[in-house]
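Colleague: I should like to learn how such a model is read. Please begin with the terms and then turn to the case at hand.

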Amino acid sequence: MSRTKTAETIENVEFPSFDASKATDQIRAFAEKGVEQSKEAYAKLKTGAEETQKALESTYETAKTVSSDLSLKTIAALRANAEAGFSHLEALIGAKSLSEVIELQTAFLRKRVELSVEQAKELQAVASKAAEDVSKPIKTAFEKAIKDIKAA
């Protein structure tokens, strides 16, 4: 008896019909949305890569210029030191007494220390400016990227 009730219930149950055209439309819409999102992601990636390339090129050019400036300052300092050394040697050769040699040596050493401190300050200032100039394009690009990420 329970079998006949089950059979009657099954006969009275209606199953929903499957409409293939609706499923196709949903799949198409899903695929189109995926393609659109992929295009947007690619565009953002491309823009980011181009901006990064520009920042790196700018950094390279700045580093090249700053490196040249730093090299010229260093060469100028070395030249000044060499000339001072040769002048000192000439003065020592012309000295007439031991006290004059000691006086020349003391004055030379004092001048060398003062000049070395001055040269170190100049080179430090140039190096600090160089580091700031070189890092500026990368810092700007990084800040823009963070801002864009926060906006998204």
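Modeller: A residue is called buried under 20% relative accessible area, exposed over 50%, and partly exposed in between (1.4 Å probe, protein chains only). This is a predicted model, in which local features need pLDDT of at least 70 and side-chain atom pairs pLDDT 80 or more, while totals for chains, interfaces and linings use all residues. Residues are numbered from 1 along each chain as its sequence is written, and side-chain values use heavy atoms, with hydrogens and water left out.

Colleague: Which residues of α3 are buried?

Modeller: Helices are DSSP runs of H or I with at least four residues, numbered from the N terminus. In α3 the buried residues are Phe108, Arg112, Gln119, Val126, Ala130 and Pro137.

Colleague: Where does α3 bend?

Modeller: A bend is the angle between axes fitted to the seven residues ending at a residue and the seven starting there. For α3 the bend is about 40° at Lys136, and Pro137 follows within four residues.

Colleague: How is a salt bridge recognised, and which residues form one?

Modeller: Side chains of opposite charge can pair when their charged atoms come close. The rule asks for a side-chain nitrogen of Lys or Arg within 4 Å of a carboxyl oxygen of Asp or Glu. By this rule there is one salt bridge: Lys129 pairs with Asp133, their closest N and O atoms being 2.7 Å apart. Because they are four residues apart in helix α3, about one helical turn separates Lys129 and Asp133.

Colleague: Is Lys129 buried or exposed?

Modeller: Lys129 counts as exposed, at 51% relative accessibility, whereas Asp133 is partly exposed at 22%.

Methods. Helix = DSSP H or I, 4+ residues; strand = E, 2+ residues; numbered from the N terminus.
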